[in-house]
Amino acid sequence: MKIYAAAFSDRGRNLINQIGTIPLSVDYGTVPLLCGGTWVKSETTLRIRKQETLEQWTAEAFTAGAPLLFVGAAGIAVRAVAAQAASKRTDSPVLVVDEQGRFVIPLLSGHLGGANELAMQLAGGLGAMPVITTATDVNGVFAADVFARKNNLTVTDTAGIAKVSARLLRGEKTGVAVEGMERQVLMDCGLPENLMPLSFDTGSGEDDPLTPGIAVCSPENSGKTKADLILTTRDYVLGIGCKKGKSPEEMLEVLRQAQDKGTLRLEEVAAIASIDVKSKEPGLLELAQRLRRPFCVFQAKELMALPGSYTASGFVEQTVGVDNVCERAAAAAAGGGTILVPKTAGDGMTFALARLSEECKKKRRLKFHE
């Protein structure tokens with residue numbers, strides 16, 4: 001994970017060097033890997049502020065969607081990020097550590113961005129105290145936005161998070177309905193206190209005393225519920241191949257152009273996949289972090305073992321041992337799913353989109369607890 005770090009004294013800079021040795025990551029959920037493959041956990045890398053102004057450095061971090069870590073006074077951090085903060089959905093995680101390394105304070109994007117999770121990891125590595133102030137965490141109440149992030153779900157309207165949280169913080173019960181899952185099956189997931197299972201078809205209606213509440217469903221059926229908070233599933237995998245040294249900005253531009261043309265919808269992508277020789281490719285790692293998606297890789301033999309027809313390239317096969325990276329990686333991560341967008345090339349990269357197989361969807365399990 002790439003962290004933007006700034007300090008304002010020699011003591012602070014020494015602490016940043018120590019922080020660079022602590023493994024840091026945010027859980028963005030996964031999909032079941034049915035065709036082999038492994039999830040990539042990148043090492044902690046620091047982008048340390050040097051000559052830039054705080055405004056320039058902060059703007060760069062927010063553009064990259066990367067966490068910011070200030071070693072110093074909380075007031076400095078607040079003033080530095082004030083102009084950049086815009087939305088729960090997109091704000092970078094912002095944290096502050098005092099120069100003595102005694103306290104770690106998540107200031108912004110504690111749940112969806114994972115600042116609280118990073119604070120706990122940092123505190124553990126430094127022997128510090130995490131200063132968590134979000135109401136659900138302080139009161140030990142289920143946090144719907146953390147649930148969404150860790151289960152690879154899209155929050156359709158962030159206003160619903162506050163509605164659900166307020167009800168739970170008052171000690172009231174709220175219903176949760178999951179498309180395609182009966183009440184008893186949902187109950188067997190081990191629901192937290194005050195969450196009551198409902199059926200998606202009937203439990204999200206106006207006449208149910210436990211609604212409005214939380215509904216988990218496909219994007220196609222999000223309009224069929226009156227729940228306060230609608231979380232939609234991500235049912236596609238993006239396979240990517242790229243030349244060495246491609247920047248995340250260049251790759252993201254290609255993907256955005258495809259999105260503008262209606263070729264893909266990035267908000268519905270559950271994961272990014274490639275071949276294992278790209279497991280340490282900085283651009284791919286940063287792209288996954290920017291999109292807040294898990295990144296998995298496959299061995300060439302795993303990709304070549306996939307049945308089906310793929311757009312073959314002799315040059316690619318000679319280079320990495322597989323005739324097609326993007327299509328095969330997408331299909332493999334999708335559990336043998338169908339290719340919807342075939343190999344598309346642009347500016348030194350290729351991408352393909354696959355839909356999760358039905359078996360892969362059935363094996364997804366919702367995690368309601370940490």
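The following paragraphs lead through the strands, helices and selected residues of this predicted model.

The open sheet that includes β1 is a convenient place to begin. This sheet has 6 strands in the order β3-β1-β4-β5-β6-β7, and its pairing is mixed. β3 (45-48) and β7 (129-130) form the edges; each has a single partner strand, so one side of each is left without a neighbour in the sheet. Within the sheet, strand β5 (residues 94-97) and strand β6 (residues 103-108) run antiparallel and are joined by 4 bridges. V97 stands opposite V104 of β6.

Two helices may be described together with these strands. Helix α3 (residues 74-81) lies across β4 (68-71), β5 and β6, and runs at about 145° to β4. Helix α4 also packs on the sheet, where it touches β4, β5, β6 and β7, and its direction makes about 165° with that of β6.

Helix α4 has a further partner in helix α1. Two packed helices are described by the angle between their axes and the distance between the axes. For α1 (residues 10-19) and α4 (residues 115-126), the angle is about 100° and the axes are 11 Å apart. The two helices are therefore roughly perpendicular to each other. On the α1 side the contact is made by L15, Q18 and I19, and on the α4 side by L122, G125 and L126. Sorted by class, the contact of α1 with α4 comprises 4 nonpolar and 2 polar residues, with no charged residues.

Two buried residues add detail to this part of the chain. T58 belongs to helix α2 (residues 54-64). Its relative accessibility is 0%, and T58 therefore counts as buried. Which residues does T58 contact, once neighbours within four places in sequence are left aside? They are L68, F70, A80, V81 and Q84. With L68, the separation is 10 residues in sequence and 7.7 Å in space, C-alpha to C-alpha.

S92 is located in the loop between α3 and β5. With a relative accessible area of 0%, S92 is buried as well. A polar atom of the S92 side chain lies 3.0 Å from the backbone oxygen of A66. When neighbours within four places in sequence are set aside, the contacts of S92 include A61, F62, G65 and A66, together with L68, L108, S109 and R292.

A second open sheet has 5 strands, ordered β8-β12-β11-β9-β10, again with mixed pairing. Its edges are β8 (153-155) and β10 (195-198), each of which has a single partner strand, so one side of each is left without a neighbour in the sheet. Neighbouring strands of this sheet are turned by 25° against each other on average, direction ignored. Strand β11 (residues 214-217) pairs with strand β12 (residues 229-233) in the parallel sense over 4 bridges, and C217 has T232 of β12 as its bridge partner. Helix α7 (residues 159-169) lies across β8, β9 (174-178), β10, β11 and β12, running at about 120° to β12.

Two further strands, β15 and β17, merit separate attention. In a regular strand the side chains alternate between the two faces of the sheet. Strand β15 (residues 295-298) is covered on both faces: F295 and V297 are buried on one side, and C296 and F298 are buried on the other. Strand β2 (residues 38-39) pairs with β15 in the antiparallel sense over 2 bridges, with T38 having V297 as its bridge partner. Strand β14 (residues 269-275) and β15, by contrast, run parallel and are joined by 4 bridges; here the bridge partner of A273 is C296.

Strand β17 (residues 349-355) is mostly covered, with 6 of its 7 residues buried. Strand β13 (residues 236-242) runs antiparallel to β17 and is joined to it by 7 bridges; L238 has L353 of β17 as its bridge partner. Strand β16 (residues 339-346) is likewise antiparallel to β17, with 5 bridges between them, and A345 is partnered by T350 of β17. The hairpin of β16 and β17 has 2 residues between the strands, and D347 takes a positive phi near 55° in this hairpin.

Note on methods. Residues are numbered from 1 along each chain as its sequence is written. This is a predicted model: local features need pLDDT of at least 70, side-chain atom pairs count only at pLDDT 80 or more; totals for chains, interfaces and linings use all residues. Side-chain values use heavy atoms; hydrogens and water are left out. Axes are lines fitted to C-alpha atoms, for helices over the stretch in contact, and angles run from 0 to 180 degrees between N-to-C directions. Angles under 35 degrees count as roughly parallel, over 145 as roughly antiparallel, 65 to 115 as roughly perpendicular and the rest as oblique. Contact means heavy atoms within 4.5 Å. Ala, Val, Leu, Ile, Met, Phe, Trp, Tyr, Cys and Pro count as nonpolar, Asp, Glu, Lys and Arg as charged, and the others, Gly among them, as polar. Buried means under 20% relative accessible area, exposed over 50%, partly exposed in between (1.4 Å probe, protein chains only). Two strands pair if DSSP finds at least two bridges between them. A polar contact is a pair of N or O atoms within 3.5 Å; within protein, one must be able to donate a hydrogen and the other to accept it, and residues adjacent in sequence count only if both atoms are side-chain atoms.
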